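Welcome! Here is a short briefing to help you find your way around a new structure. Take a look at the display, then read on.

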Amino acid sequence: MMNDESNGKLMLYLLAITAVTFIIGLILYLTGFNLFFNYLFIDNDITFAIFSVITTKIFVLIFLLIIVTSWYIYDKRFAKNLAIGILSSYYFCSILKDIFQDPRPPTNYKANEEGYGFPSGHSQNGVVGWGYLAYEAYRKENKILFWIFTILLYLIAGSRLIIGVHDLQDVWGGLTIGFIWLILFIFLEPKVSEKLSSFSILIKAILSILIPIILFLLAILIFPTTTESYGLICGGLMGLSLGYIIETEKIKYEPTDLSTTQRIINLVIGLIITLVLYFGLSVVFPKLDPIMDHIMDLLQYFILSFILVTLVPWIFSKIQRK
């Protein structure tokens with residue numbers, strides 16, 4: 001396990017990486033390389049196909065599976081932090097996209113990605129997601145996973161340039177903002193969690209519902225024509241937060257107490273339920289019109305995240321007692 005000195009050293013590494021990323025991106029941007037990498041590979045079908053897989057559009061599903069896997073067989077507090085870190089970054093990134101309304105580069109014709117360009121969501125949210133996984137690997141002194149996650153976040157960011165859906169400015173901004181968000185989250189999360197732990201379960205439950213709803217309404221009212229996924233983000237935050245409070249108070253599922261066999265059984269059951277709910281709820285909550293779509297997404301991802309962090313651990317606890 002990592003001590004305070006090692007944790008401080010890692011924070012310095014993160015600050016250094018942020019500074020280097022920003023400086024290199026700034027130099028490339030000022031010297032006219034904003035679209036250089038876009039045109040370098042755009043006509044190579046093999047490269048495009050490979051990096052299209054790396055920068056897959058099923059970003060939400062990938063991290064959902066990582067989060068539930070961590071929750072069910074590793075450490076539910078870590079999984080909760082990973083989810084909140086990604087969702088909060090996703091919200092801030094969406095707000096920035098709606099503020100700047102930066103068009104995507106002309107090379108987007110091949111992938112035909114929707115939405116605005118700056119900042120790159122895959123870059124920013126990828127840094128927070130894969131970066132937090134790398135942080136955990138570093139804490140547990142697993143250097144192999146640390147480097148895999150670190151390389152992966154840069155590889156995903158670079159892939160956005162290679163397939164032409166973002167220019168250098170978008171990716172550079174996404175990486176820089178992502179690292180800053182990751183550092184702030186790592187620093188502030190223990191302090192916020194400690195403060196929240198002093199509240200009653202009723203106050204925590206009210207806040208877990210009220211804050212996501214306020215964030216949702218603010219985004220929809222300020223940006224009524226938005227195409228960003230505020231319903232997904234806020235619904236996920238609400239279901240996750242409320243579910244975590246109820247689970248830790250009433251169910252008290254603890255994956256660290258399980259045997260290897262129990263973990264395998266729980267993982268298989270958990271992943272099956274996750275996939276069934278993920279695809280099944282998308283049918284139950286169909287796309288209707290722009291405003292209703294946001295509300296449907298809010299309900300869909302509230303139900304999904306709430307069930308995954310309460311009902312599924314409750315099922316596991318019943319299985320283990322038999």
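Are R160 and E113 buried or exposed? Both R160 and E113 are buried. Please keep in mind that this is a predicted model. The points below take you through its salt bridges, a kinked helix, a residue tucked inside and a patch on the surface.

**Salt bridges**
- In total, the structure holds seven salt bridges.
- One of them joins R160 to E113, with 3.4 Å between the closest N and O atoms. Because R160 sits in helix α7 (residues 143-162) and E113 in the loop between α5 and α6 (121-139), this pair ties together parts that are 47 residues apart in sequence.
- Another is formed by the side chains of E189 and R77, at 3.5 Å from N to O. This pair links distant parts of the chain, since E189 belongs to helix α8 and R77 to helix α5 (residues 76-100), 112 residues apart.
- The two partners differ in their surroundings: E189 counts as buried because its relative accessibility of 11% is under 20%, whereas R77 is partly exposed, with a relative accessible area of 42%.
- R77 and E189 also belong to a network of salt bridges that includes K80.
- R139 and E136 make a salt bridge too, their closest N and O atoms being 2.7 Å apart. These residues are three apart in helix α6, so about one helical turn separates them. E136 is buried, with a relative accessible area of 7%.

**Helix α8 and its kink**
- Helix α8 covers residues 168-197, which makes 30 residues. From its first C-alpha to its last it reaches 42 Å, close to the 44 Å expected at 1.5 Å a residue.
- At L188 the helix has a kink of about 40°, shortly before the proline P190.

**A buried serine**
- S70 is found in helix α4 (residues 59-73). This serine is buried because its relative accessible area, 9%, falls under 20%.
- Leaving aside residues up to four places away in sequence, S70 touches D75, K76, F78 and A79.

**A nonpolar patch on the surface**
- I201, L202, I203, I206, L210, I214, L218 and I222 form a nonpolar patch on the surface. Together they have about 710 Å² of accessible area.
- One of these residues, L210, lies in helix α9 (residues 201-222). L210 is partly exposed, with a relative accessible area of 44%.

How values were computed: Residues are numbered from 1 along each chain as its sequence is written. This is a predicted model: local features need pLDDT of at least 70, side-chain atom pairs count only at pLDDT 80 or more; totals for chains, interfaces and linings use all residues. Side-chain values use heavy atoms; hydrogens and water are left out. Patches are made of residues with over 30% relative accessible area and no salt bridge: like charges are joined within 9 Å, nonpolar side chains (Val, Leu, Ile, Met, Phe, Trp, Tyr) within 5 Å. Accessible areas come from the Shrake-Rupley method with a 1.4 Å probe; for residues, only the protein chains shown count as cover. A salt bridge is a side-chain nitrogen of Lys or Arg within 4 Å of a carboxyl oxygen of Asp or Glu. Helices (H or I, at least four residues) and strands (E, at least two) are DSSP runs, numbered from the N terminus. Buried means under 20% relative accessible area, exposed over 50%, partly exposed in between (1.4 Å probe, protein chains only). The expected span of a helix is 1.5 Å times one less than its number of residues. The bend at a residue is the angle between axes fitted to the seven residues ending there and the seven starting there. Contact means heavy atoms within 4.5 Å.
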